[in-house]
Amino acid sequence: MPDHLLEIEDLHKSFGETEVLKGVDFTMDKGDVVSVIGSSGSGKTTLLRCINMLEEFEGGTIRIEGEVIGYTTAGGHRRRKPEKEIARQRALTGMAFQQFNLFPHMSAIDNVTLGLIKVKKLPKEEARAVAMRWLDRVGLGERAGHYPGQLSGGQQQRVAIARAIAMNPHLMLFDEVTSALDPELVNEVLQVIRSLAEDGMSMLLVTHEMRFAHEVSDIVVFMNDGVIAEMGNPREIFPNPSTRRLAEFLKTSSFN
Amino acid sequence: MDPIRFGEMLWLARMPILKGLGMTVSISALAIILGTLLGIFVGLSLTYGARPLRWLVRGYTDFIRGTPVLVLVLASYYVLSTVGLDLTAFQAGVLALTVFCSSHVGEILRGALQSIPKGQIEAAKAIGLTFRETFAYILGPQALRQALPAWVNTAAEMVKASTLLSIIGVSELLLRTQELISRTFMSLEFYFFAGLLYFTINYAIEHLGRYVERKTAVPS
Ligand SMILES: Nc1ncnc2c1ncn2[C@@H]1O[C@H](COP(=O)(O)OP(=O)(O)OP(=O)(O)O)[C@@H](O)[C@H]1O
Ligand SMILES: [Mg+2]
C-alpha cells in the first residue's frame, strides 16, 4: 500500500493545562483539497501548526509520505528530531499565514528566492527564474521589485503564497489567508488558491469562507473542541450534516 | 577677550590640542568598536541565551546601566589594581567605557530583535530555514536598521563620556584644555573651543548615522 500524503494519528496537543487537540485522526492523499472549518478556538490553526512543527505536540504521530514528522521514538523514548532535520521536514510542507508574514526588508522577488537559494540551493539565476514564474502566476510579475510596504494586503498575500509554493512543497497549508484582508481583496487571493487546486496541488486550508470551501474542496473537516467532529464531501455533509454541532455551525456561518 | 591673543595662543597650543583630540577620538573609537562587539554578545544572550546565561547577562547590564560612568572609570583604574590587574590609565578608561557601551548596545539590540514580529520567524521556519539562517537573513538585517539611530546616540554619548578619563589623568582633549588654561588663564576661550571640537565630532557621527539610515532605508 502506498503511503498517504498526510497521515495523522491520535494527535494530542496542550498549551499548559489546556488540551487543545484531543486526539485528531486524519488522512489525505496526493491531490486532495481539504478544508478545515469550525468555530473559533476549536484548534484549526493549532492542527496546521503541528503539521509544520511550528508547535510541539506531546502525543500522536504525523506522517508525510510515510515519514514521521518532528519526533523519533526509540526504546519508548520520544525525542524531538535535530533542528536541521526538522528544518528539512518543514520544507515538505508550505505554509501561508493569516498575516502574510513577508520579510519587509526584501523585495517581493527576494522574498521568494530566499528559500530557493538557501534551502533548495538553487543557483541565483535559476532561483530568480522560478520566482518570476510564480510571481507571474499569482499576477504579480510586474511588482517583483516592490517591497511589501509598497503592496496592498491582497498583493502581499499573493507574494506570500508564491514564496511558499515556489519551494515545491508536497502539501500546502493555508491558515485563513483571507481573514486579514479587506473584503474587496479577498477574491484575488481565493482565485490564486482556486487555480492551484485546479492544478492538482495538495492542500489543507483553514477557512471561514464556507462558499469557497464548498466549491473547491474534495473533503471538508469540521473541527469542534479539539477533535474532528465530522468530515466528508461538502456536497454531501453541507446539505445533510450528521452531527447537530455541524448543523448549528453551518446555520451561523454566512454563505455569502 | 582678545581674539588676536587667543589666536596666537591657539596656534602655539596646536600640538597639545591635536594630541588631545587624537586621544579623545582614539578612546571613543576603541570604546565604541569594542563596546559594540561585546554589546552584540550581550544583546544576543539577552534575547536568545539559555536561562542561566540570560540571567547572568541581565544582571551585568542592569548593574552597569545603574552605575555612573565616572564610578566605572574610577573603579576600573583603582579597584582593578587592588586585585592584581594593573592597567594603565588609558587601558582602564577604555575598559570602563567599553563595558558601559556594551550594556547600552546590548539593550538596544535586544529591543530591536524583539520588535520584529514573531510571524516572520515562523514564515522563515516554514520555508525550511534554520535559526542561524533566519538570523543572518531576516532578523539581523532588520535589527541593525532598527537599532541604528539609538546606536548613533550611544556612540555620541561615548565621545562625551571620554572626558571623564581626564580624572584619572588620560591626556585627552579636556585634560589638555585644562592644562592650557592653567598656563594661559584664557578659560572661557579654550573651554569654548574644546566644546566646539566635541560638538564637531558628534555632529559628524550623527550625520554619518543619518546618511547610513537613508541609504539602508526600506522602500515603502
Ligand atoms: N500559544 C498559545 N498559548 C496558549 N493557548 C493557545 C495558544 N495558541 C492557541 N491557544 C489556544 O488553543 C485553542 C485553539 O486555538 P486555535 O488558534 O488552534 O483555534 P482556531 O480554531 O484556529 O481558532 P480561530 O478560528 O479563532 O483562528 C484556543 O483556545 C486558543 O486560545
Ligand atoms: Mg486560527
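Read from one end of the sequence to the other, chain B follows the pattern α-α-α-α-α-α-α-α-α. In other words, this chain of the predicted model has nine helices and zero strands. For a reader meeting the structure here, chain B is a convenient place to start. Its C-alpha trace spans about 70 × 50 × 20 Å along the principal axes.

How much of chain B is buried? Of its 220 residues, buried ones make up 44%. The accessible surface of the chain comes to about 11,600 Å², and carbon and sulfur atoms account for 68% of that area. Contacts within chain B can also be sorted by separation along the sequence: among those with a separation of 6 or more, 76% are between residues 24 or more positions apart. As for charge, chain B carries 18 positive and 13 negative charges, and the mean positions of these two sets lie 8 Å apart.

Chain A offers a strand to look at in detail. Strand β8 of chain A, made up of residues 93-96, is covered on both faces. Thr93(A) and Met95(A) are buried on one side, while Gly94(A) and Ala96(A) are buried on the other. Which strand is joined to β8(A) by four bridges? The partner is β9 of chain A, residues 171-175, and the two strands run parallel. One of the residues already met takes part in this pairing: Gly94(A), buried in β8(A), has Met172(A) in β9(A) as its bridge partner.

Conventions: Residues numbered from 1 in each chain as written. Chains lettered and ligands numbered in written order. Predicted model: local features only at pLDDT ≥ 70, side-chain atom pairs only at ≥ 80, totals over all residues. Heavy atoms only, no water. Buried < 20%, exposed > 50% of the residue type's maximum accessible area, 1.4 Å probe, protein only. Pairing = 2+ DSSP bridges. Contact = heavy atoms within 4.5 Å. Areas by Shrake-Rupley, 256 points an atom, 1.4 Å probe, with all protein chains shown as cover. Lys, Arg positive; Asp, Glu negative; His and termini not counted. Charge placed at Lys NZ, Arg CZ, Asp CG, Glu CD.
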